[in-house]
Amino acid sequence: MQFLNTRIVPLALILVMAGLGLSLTPADFRRVIVFPKAVAVGLVAELVVPPLIAFGLAYLLAPSPAIAVGAVIVAACASGVTSNAYTFAARADVALCVTLSALTSIITVFTIPVLTYLALQVFFEQGQIPVLPVGEMLRTLITVTIVPVAVGMTVRALTPRFAERALEPLRRMVLVLLVVVLSAAALSSYGVIRDNLATAGLLVVLMNVSTMAAGYGVARLARLPAAQAVTIVYEVGVQNLALALLMTLTILRSPDLAVTALLYAVVMPAAALAWLPVARRMISAEEMRTAPERA
């Protein structure tokens, strides 16, 4: 299990972030200027809404401290390459999704330690708070997120054809690694999952559904078009579970903290797939309404 936590989990996240880098170009960052409203709304929805919901639900449901802190860590690990796949399948705004994923991969390096520290202080009693190795955490997060993204972007800039060919095999490799990691972690934490299934399961379901609903609400309040609203829903509701497992299993070395992420890995795809046909109909309906205006 130690080999899994210290080698396989970081490797899986490095491959995830390298895959993100291979899909990025400088144009993805220029969209911040071209579409400032959509990007700003998306960033606020991703970085602010899920942690607030996680803190609120953990406080109201009063789960064990480890489950509560795990929920905040999951909420802090914004999006990932998986959200790109759901956005593409929904025929939503993939360009906006890629831009938001790129920006949050940089910003969360600094927000995750802050939110984790706050969660530990809020939910654990004094004297029982796990040690938070801030320096090691920042070095590790930079090494396994920002550096692979930069390498992936460099490879794409130098050899775009190779980058395109490498993306799909890399995604398959990441999927296999994540299945191995999630399965092994679930087996090692079986006792904790069994003892906390009712409370933790309810927390995870409510957190996933409410974050997606809040993402949609924020996007609609900002009067964004349906394609961008759907994109933000997926960006808010689909978390970077590889990063959450790195935080809990590798950096904090606590299988108990990983239980929330393991349960989220079951609930998240179900909610994302359930939203897919609704999202497609919403986008198609808006396109039909606006078609006469564009003609």
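User: Leaving aside neighbours within four places in sequence, which residues is Ile-67 in contact with?
Analyst: First, a caveat: this is a predicted model, where local features need pLDDT of at least 70, side-chain atom pairs count only at pLDDT 80 or more, and totals for chains, interfaces and linings use all residues. Residues are numbered from 1 along each chain as its sequence is written, and side-chain values use heavy atoms, with hydrogens and water left out. Ile-67 sits in helix H5 (residues 65–76); helices are DSSP runs of H or I with at least four residues, numbered from the N terminus. With contact meaning heavy atoms within 4.5 Å, the partners of Ile-67 are Asn-196, Ala-200, Leu-203, Val-259 and Thr-260.

User: Is Ile-67 buried or exposed?
Analyst: Buried means under 20% relative accessible area, exposed over 50%, and partly exposed in between (1.4 Å probe, protein chains only). Ile-67 has a relative accessible area of 1%, so it is buried.

User: What separates the C-alpha atoms of Ile-67 and Leu-246?
Analyst: Along the chain, Ile-67 and Leu-246 are 179 residues apart. In space, their C-alpha atoms are separated by 16 Å.

User: Which element gives the most to the lining of the largest pocket?
Analyst: A pocket here is an open set of points on a 1 Å grid over the protein atoms alone, where a 1.4 Å probe fits, with protein on both sides within 12 Å along at least five of seven lines; lining residues have an atom within 4 Å of a point. The largest pocket is lined by 31 residues, with Val-81, Thr-82, Ala-85, Arg-171 and Val-174 nearest its centre. Elements giving two or more residues to that lining include helix H1 (2–22), helix H6 (81–89) and helix H9 (160–188). The most, nine residues, comes from H9.

User: And how many of the residues lining the largest pocket are charged?
Analyst: Asp, Glu, Lys and Arg count as charged, Ala, Val, Leu, Ile, Met, Phe, Trp, Tyr, Cys and Pro as nonpolar, and the others, Gly among them, as polar. The lining splits into 21 nonpolar and eight polar residues, and the charged ones number two.

User: Which residue meets Glu-164 in a salt bridge?
Analyst: Call it a salt bridge when a side-chain nitrogen of Lys or Arg is within 4 Å of a carboxyl oxygen of Asp or Glu. The structure holds four of these. Glu-164 is partly exposed at 46% relative accessible area, while its partner counts as buried at 19%. The N to O distance is 3.0 Å, and the partner is Arg-156.

User: How many residues apart are Arg-220 and Glu-286?
Analyst: Their side chains meet in a salt bridge at 3.9 Å, N to O. This pair links distant parts of the chain, with Arg-220 in helix H10 (residues 190–221) and Glu-286 in helix H13. Arg-220 counts as partly exposed at 27%, and Glu-286 as buried at 18%. Along the chain, the two are 66 residues apart.

User: Which residue's backbone oxygen lies 2.6 Å from a polar atom of the Ser-105 side chain?
Analyst: Ser-105 is in helix H7 and counts as buried because its relative accessibility is 8%. Not counting residues up to four places away in sequence, Ser-105 touches Met-17, Leu-20, Thr-145, Ile-146 and Val-149. The backbone oxygen in question belongs to Ala-102.

Key:
A polar contact is a pair of N or O atoms within 3.5 Å; within protein, one must be able to donate a hydrogen and the other to accept it, and residues adjacent in sequence count only if both atoms are side-chain atoms.
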